[in-house]
Structures are given as C-alpha cells and as structure tokens.
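Hi,

Here is the structure I promised to pass on to you. Have a look at it first, and then read on for what turned up in it.

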Amino acid sequence: MSERKAQLTIDGVDKTFELPVYEGSTGPDVVDVRSLAGEGIFTYDPGFVSTASCDSEITYIDGAKGILLHRGYPIEQLAEKSTFLETCYLLLNGELPDSAALTEFETSIRYHTMVDEQIHQFFRGFPRTAHPMAMLCGVVGALSAFYHDTLNIDDPGHRMLAAHRIIAKMPTLAAMCYKHGVGQPYMYPQNDMGFAENFLHMMFSTPCEEPNVSPTLAKAMDTIFLLHADHEQNASTSTVRLAGSSGANPYACISSGIAALWGPAHGGANEAVLRMLNRIGDESKIDEFIARAKDPKDSFRLMGFGHRVYKNFDPRAKVMRQICDEVLDELGSEDDPLFRVARKLEKIALEDDYFIERKLYPNVDFYSGIILKAIGIPTSLFTVIFATGRTPGWIAHWNEMLSHAYRIGRPRQLYKGPTRRDYPAK
Ligand code: SDX
C-alpha cells in the first residue's frame, strides 16, 4: 500500500510540506512531523495532548470506549483471571507465561525481594514524619549506588535483571517506608509467601507474633497492584522514558517516575480522594462540594474524577468498585461512611450536566483509597502503593525503549522572552 501523506501549508510560507502518516495495529493514525525541525518549524502541543512520543506494543487505551489492553488482553479479564506477577511477566515479555516460565519468574522475583542491609541506614536519616513518597523516591534512586557498576543497559540480560530486582524490591521498600513512620522493626520478606501476601506481612506483621495475612485481603491487594501495573504514556511513564533516553541507570529512572507520580493530578490523586471524602464527611455536604468542583473560580476539583484519555468510565475504576464491595464485606464495614459518601458522590456527579458535558467519570483513584484505608494502609502511603503497582509498567517501557534504536528526548519551545539586547554600559 502506498505511503499515506498529510499536506501542511502555512500562510506566508510558499511551500507545502508532505508528512508521512503511519497506522498502528489499532487506534489513531499519527503524522510524522520530524522533518519540520529541518524547515525551522516546530509543532506546538503543551501537555502533549495530541502527541505520540514513541512506538509501543505494551498497552493500548481507547478513552472513548473505556478500553484498556495489556499486550492485547483486556484489563477486566486480567483482573479476574491473572495475578500481578503474571501480568508483570506479560508486560515485560509480550506474552503470557506457560506454567514453567511463570514459576521461574515468580522464583526470580522472590529471591530479589530482600534489600541490602545498608539501605536501613538511609531510612534512619529520614524524620519519622517524612512523607513515604519522599522516602521512596530517595531510596529507590539510591539503589543505583548498589548496582550501577554491574549494569550495562545495552545488555538485554542486564536490563531484565534490573527489571526483576526493582519489581521485587518495591514492596519491601514500601513496607519499610511504613515501618519507619510507625517506629516498628522492618519485617523481612518470607520466601514461602506470594507477592501481595508478603507485602501485607512486611507491612503489618511484627517480630512478636506469627504472620497472619488474610487471603481475601492478599487477593484484593494483588488485584490492586495489577490494576495499576501500566497505563500507556502517562506522565510518570513518559518521565521514566525521558530519563532513560539519556542512558541513566534504571533505578534513577524509576525514581524519576516516582517523583512524577507523586503529584495530586496523577498518582497522588488516591491520597487526595481520601482527604476529600474526609472533608466532605457525610452525604449532606456533597452538593456543596459538587458546586465548588463546578465553579471555575474555585480551584477545588473532584479528586478521582476525570482523565486526560478516558472520556468514559475508567475500566479499572469499575473493577476497583467491585473489590471495594468485597473487602468492606470481608471486614464487616460494608456500611463504611466514606464508601457511602463516595457512592453517593459518584451517582450525583454522573447525573450532573457539568460532568456529563466534560465526560468526567471516576478514574482508577476514586475507589482505591477506600479499599487501602479499609485494609489498614495509611492515606500517606496510598501513592506508594500506586508506585509499587506501576513499577512493572515503568520498567517495561524503559526496557522497550532501550531494546530499539532511540534518541535522547529533547523537546523544543515557542520562545516568548526578550530578543537579543546588550548589557547596559556601566
Ligand atoms: C491518574 O494519564 C494517566 O493515564 C494517569 C493514570 C495512570 O494510570 O497513570 O490514569 C492515573 O493520574 C488518574 C487521574 C488522577 N487525577 C485526578 O483524579 C485529579 C482530578 N482530575 C483532574 O485534575 C483532571 O481530570 C486530570 C488531571 C486527570 C485530567 O486533566 P486534563 O485532561 O488536563 O483536563 P482539564 O484539566 O483540561 O479539564 C477539562 C475540563 C476543565 O473544565 P473547563 O475549563 O473545560 O470548564 O474539565 C474540568 C476542568 O476544570 N475538570 C474537572 C475535573 N477534571 C477536569 N472539574 C472538576 N473536577 C475534576 N476532577
């Protein structure tokens, strides 16, 4: 099939630019604008709303239809039938593992969950009141110090080892952030536990008693990690790719992703949702907050609502709401006041023209915080949970980029500052 072209004409420029058009396996076509720089022309797209930054085969999102596929598999099916580690394998390798490959992968992850004892010293430097994301960002970046010299990012085997290490160590570091804050001893990972079970053990067990992790809560935790595993070229994943494009150490790249995720407009939204629900308090104040969210003069936004890509229900939010029901039932708190407020808030917002016109629906963060709180995880640790779940996606995109020819990411700008002027004579 002949190459498709787009024609670009610009007033005052007597040349028509022919730009190649490429088709993906599904989703929007793209116009290749790379040749414009040589013509002294930049495209302009703050926030990258209309920009495809790369080719990728990992995750596909159809925002209009509320579709999320990981290597072609719908998130709803993976949430129901897969596990977090199986999904990690899928994101990294492109295909679901057979039982032998899954066992090998699970074993590799299991034997990388411990962190160097020196890492304990890093935590000692943080105040007990340090935000867990501040600690996680610092400690993950510091992992570079332990592996930098043995890591050749051009070696696929080294890259996969780094991927296994960081996926395995995140829950251990996440639990250490929590234990540091509550002043309890760190719990070592147990090699006879599953990934999520081990995380809840490292979080809530103490040396004073035998571990006792609820299988229902472990399964819910595993699914929460799975639902966060990857999400195309979101802000934190794009940050990891940009950091990786300079050839930086993968642990430093993941640390940059953690930093980007922290913002309340991104992964920090789950923590912000809980604070919002607590501020609303009960159903009688919902209308007041909905009015504030709609008021252009009020900076308040309905946290957990809206999405750059989804203009329909975030498919992850639907699964999350179902887990919410199950966990609250298991814990006998199905009448949780925050859950009641969240359900009422969702119902009112979805019937309100302001939200309907702007296609604002609950996103992945709207219900996750209620579940995490019910499990006993403090609000300040919610985004750490998000980062732990998102790590396989970050490192899969990093690995995918380094597996092909790539260039350092270096956007340009529309300059609006002073033109050349001379320094005033004294
Ligand atoms: C995540 O990109 C990803 O994939 C992210 C993520 C992932 O898995 O990696 O899915 C995870 O980050 C989910 C999003 C979590 N953030 C929140 O829940 C914070 C609340 N949501 C918003 O801040 C907002 O919806 C964003 C940041 C998510 C999206 O912002 P956009 O795409 O830049 O949209 P916008 O700010 O231009 O909003 C369009 C309109 C505006 O109104 P008008 O100027 O047209 O009148 O919708 C309004 C906004 O004011 N709006 C909201 C709103 N979100 C958008 N109004 C009230 N409450 C909201 N939540």
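Val21 in strand E2 stands opposite Val31 in E3. This is a predicted model, so please read everything below in that light. E2 and strand E3, which covers residues 30-31, are joined by 2 bridges and run antiparallel. On its other pairing, E2 (residues 13-22) meets strand E1 (residues 4-10), again in the antiparallel sense, over 7 bridges. There Lys5 is the residue that stands opposite Pro20 in E2. The hairpin of E1 and E2 has 2 residues between the strands, and Gly12 takes a positive phi near 85° in it.

Val21 also turns up in a nonpolar setting. Together with Ala6, Phe17 and Leu36, Val21 is included in a core of 6 residues, which is separate from the largest one.

What ties this part of the chain together through charged side chains? Take Glu23 and Arg4, whose side chains meet in a salt bridge with 2.8 Å from N to O. Because Glu23 lies in the loop between E2 and E3 while Arg4 belongs to strand E1, the pair ties together parts that are 19 residues apart in sequence. Both ends are partly exposed: Glu23 has a relative accessible area of 48%, and Arg4 one of 35%.

A further salt bridge starts from E2 itself. Lys15 pairs with Glu39, and their closest N and O atoms are 2.7 Å apart. Lys15 sits in strand E2 and Glu39 in the loop between E3 and strand E4 (59-62), so this pair links distant parts of the chain, 24 residues apart. Here too the partners are partly exposed, Lys15 with a relative accessible area of 39% and Glu39 at 38% relative accessibility. Arg4 and Glu23 are also joined with Asp29 into one network, through salt bridges that share partners.

The structure holds 19 salt bridges. Another of them is formed by the side chains of Asp422 and Arg420, at 2.5 Å from N to O. Asp422 and Arg420 are both exposed.

Now to the largest nonpolar core, which has 116 residues. Leu136, Leu173, Phe199, Met221, Ile258, Leu302 and Ile377 touch the most other members of this core. Helix H6 (residues 156-182) gives the most to the core, with 12 residues. For a closer look at one of these members, try Leu302: leaving aside its neighbours within four places in sequence, Leu302 is in contact with Met276, Ile290, Ala293, Leu345, Ala349 and Phe355. As background, nonpolar side chains tend to be buried together in soluble globular proteins.

I have kept Arg390 for the end. Arg390 lies in helix H17, which spans residues 382-402. Arg390 is buried yet has no salt bridge. Which side chain of opposite charge is nearest to Arg390, and how far away is it? That is Asp230, at 4.9 Å. A polar atom of the Arg390 side chain does lie 2.6 Å from the backbone oxygen of His228. Not counting residues up to four places away in sequence, Arg390 touches His228, Ala229, Asp230, His231, Asn234, Ser236, Thr237 and Arg316. Both Asp230 and His228 are thus on the list of residues that Arg390 touches.

Enjoy looking through it, and do write back with any questions.

Best wishes

Notes
Residues are numbered from 1 along each chain as its sequence is written. This is a predicted model: local features need pLDDT of at least 70, side-chain atom pairs count only at pLDDT 80 or more; totals for chains, interfaces and linings use all residues. Side-chain values use heavy atoms; hydrogens and water are left out. Helices (H or I, at least four residues) and strands (E, at least two) are DSSP runs, numbered from the N terminus. Buried means under 20% relative accessible area, exposed over 50%, partly exposed in between (1.4 Å probe, protein chains only). Lys and Arg count as positive and Asp and Glu as negative; His and the chain ends are not counted. A salt bridge is a side-chain nitrogen of Lys or Arg within 4 Å of a carboxyl oxygen of Asp or Glu. A polar contact is a pair of N or O atoms within 3.5 Å; within protein, one must be able to donate a hydrogen and the other to accept it, and residues adjacent in sequence count only if both atoms are side-chain atoms. Contact means heavy atoms within 4.5 Å. A nonpolar core is a set of buried Ala, Val, Leu, Ile, Met, Phe, Trp, Tyr and Cys residues joined through side-chain atoms within 4.5 Å. Two strands pair if DSSP finds at least two bridges between them.
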